[in-house]
Amino acid sequence: MSPTPPMTLFRNTMSVGGLTLLSRIFGFIRDALIAAVLGIGPAADAFQAAFRLPNLFRRLFAEGAFNTAFVPMFSGALETEGADGAKKLAGRIMSWLVAAILIVTILAEIFMEPVMMVFVPGFVGDPEKFELTVFLSRIMFPYLACMSLMAAYGAILNSLGKFFAAAFAPVLLNLVNIAVLVPLAIWTLENPADVAFWLGVAAMAGGIAQLALVFFTIRRAGFLPAIGMPRYTDEVRRFWLLALPAIAAGGIIQINVFVGTVIASQADAAIAIIANADRLYQLPLGIIGIAIGTVLLPELSRHLSSGRDIEARASQSQALQLSMVLTLPAAVALFTLAQPIVRVLFERGAFDAAATVAVSHTLMGFSLGLPAFVLVRVLQPGFFSRKDTKTPTLIAGVSLIVNIGVSLTLFPHLEHIGIALATSTSAWVNVGLLVLFLARRGHFRLEGREAMTLAGTLGVAITMGLALWALALLAGSVFAPGFFFPLQALALLAICALGAGLYFALLHVSGVQPLGAVLARLRRRR
């Protein structure tokens with residue numbers, strides 16, 4: 001049995017989601033400050049491109065291979081071998097992760113210039129911008145090591161049912177960044193490249209702070225793995241058999257990011273525009289999708305390791321319903337209120353009204369895919385918990401082809417908006433194929449009543465969106481460029497609060513999702 005008492009999916013998801021919300025609030029403050037001091041000019045493009053590179057590899061090594069291959073093995077070891085066996089397994093596998101990260105970091109630092117020629121070819125024609133990008137990349141690439149180890153320790157803590165430290169760690173990153181940005185905003189540096197340099201230093205400091213938090217937490221829990229020279233054992237061989245397809249799947253997903261960056265580098269400021277829009281739709285994705293996925297994978301793995309197939313299917317169905325109840329209104333609100341949201345959060349300093357229009361249009365494109373982004377997080381654990389990493393890899397490959405094709409088709413006409421629409425389209429293709437394969441294997445079935453509930457939830461969300469649109473029109477000049485910021489913020493907050501109240505009231509009154517029954521079902525211990 002697991003060494004931690006079972007908790008409901010709802011409670012763990014709310015815990016992780018609440019901390020993620022706190023992180024994203026501080027993240028908004030950080031992003032607003034970055035937008036104010038950098039705008040969407042060449043220095044902003046250079047910083048965002050440089051910051052994307054270590055994040056690409058982090059998601060490949062840590063969130064891709066490690067989480068999807070390691071968590072089911074670790075959870076199974078906890079069930080069958082106890083804490084000591086699971087701890088030894090973690091040490092043997094993490095030794096390989098550390099070795100891989102060190103090799104990649106050393107090679108990247110040596111060959112950073114040719115790497116960036118491939119990553120952002122559109123910058124090469126601007127030597128000053130390209131050199132700044134290479135310089136910032138060398139500063140921030142060791143961030144990969146901090147974040148990969150943090151993700152690995154966090155995966156162990158999550159498998160133990162200890163979600164707080166890993167979910168709180170991103171708050172530290174944002175606080176460190178804010179601590180650097182506030183003086184930069186007050187005493188604005190004349191050279192944007194100097195601002196970008198200090199932001200790079202802040203990113204590294206934040207990465208170290210996050211790693212320290214989870215390191216000391218896992219040490220206090222008595223589960224700190226012993227990392228030594230990598231050795232090839234039967235367990236490691238099984239891990240790599242699971243991890244290599246996961247690396248391929250993660251690689252395909254990151255190729256999506258890579259291709260989008262390469263294409264976007266051909267247009268001035270496109271990378272910075274996409275990065276700012278990305279921050280906004282990542283808020284509900286982080287609170288809902290990532291939180292549910294983080295909790296769902298170890299829960300499904302524990303159920304399946306003990307032969308509780310019915311409970312596993314129930315957990316996934318519950319996660320899907322919960323995620324859509326929360327995601328659909330968020331997607332509709334981001335689409336309907338895109339321009340007021342961007343204006344209130346970002347439009348100040350170097351971030352002008354034209355930047356607001358560009359980022360808001362891109363946000364609308366991303367919002368169309370938000371439910372799909374969340375559903376991918378909900379559906380993929382259905383494969384990973386069964387130690388099937390090959391099928392999601394093939395599905396991700398199809399979505400990659402779709403993304404590249406749509407991006408190349410739309411970018412010449414729509415630029416950054418085309419990238420967002422292509423990303424959303426490929427996400428929906430991914431969801432469709434995940435559902436198809438899970439259903440064919442008998443691991444997923446949407447009952448008629450569940451389908452009607454989802455359709456009703458979508459209808460209520462659209463009704464809320466129409467109300468939000470009407471309220472924004474009534475606000476009129478309040479959301480005009482240059483209007484008094486506190487009034488804009490209050491108006492946006494009031495509209496969002498009214499929209500949320502209307503949404504949940506309609507859910508309850510219409511009988512689509514009676515709130516009392518939903519909460520009682522979610523809190524019930526299984």
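Start by selecting K129: its relative accessible area of 10% makes this residue buried (buried means under 20% relative accessible area, exposed over 50%, and partly exposed in between, with a 1.4 Å probe and protein chains only). Before moving on, keep in mind that this is a predicted model, in which local features need pLDDT of at least 70, side-chain atom pairs count only at pLDDT 80 or more, and totals for chains, interfaces and linings use all residues. Residues are numbered from 1 along each chain as its sequence is written, and side-chain values use heavy atoms, with hydrogens and water left out.

Now add D45 to the selection. Its side chain meets that of K129 in a salt bridge, 3.0 Å from N to O (a salt bridge is a side-chain nitrogen of Lys or Arg within 4 Å of a carboxyl oxygen of Asp or Glu). K129 belongs to helix 5 (residues 127-140) and D45 to helix 2 (residues 42-80), so the pair ties together parts that are 84 residues apart in sequence. Helices here are DSSP runs (H or I, at least four residues), numbered from the N terminus. D45 is buried too, at a relative accessible area of 1%.

How many salt bridges are there by this rule? The count is two, so jump next to E347 and R343, whose closest N and O atoms are 2.8 Å apart in a salt bridge. E347 is buried, with 16% relative accessible area, and R343 is buried, with 4%.

Next, pick T217 in helix 8 (residues 192-220). T217 is buried, with a relative accessible area of 15%. Show L157 and A165 as well: T217 is in contact with them, leaving aside its neighbours within four places in sequence (contact means heavy atoms within 4.5 Å).

For a change of scene, turn to the surface and select I103, I106, L107, I110, F111 and V115, which make a nonpolar patch of about 560 Å². Patch members have over 30% relative accessible area and no salt bridge, and nonpolar side chains (Val, Leu, Ile, Met, Phe, Trp, Tyr) are joined within 5 Å, like charges within 9 Å. Helix 3 (residues 82-110) gives the largest share, four residues. F111 sits in the loop between helix 3 and helix 4 (112-119) and is partly exposed, at 45% relative accessibility.

Last stop: two cysteines. C146 is buried, at 10% relative accessible area, whereas C496 is partly exposed, at 35%. The disulfide count is zero, a disulfide being a pair of cysteine sulfur atoms within 2.5 Å.

Methods. Areas by Shrake-Rupley, 256 points an atom, 1.4 Å probe, with all protein chains shown as cover. Helix = DSSP H or I, 4+ residues; strand = E, 2+ residues; numbered from the N terminus.
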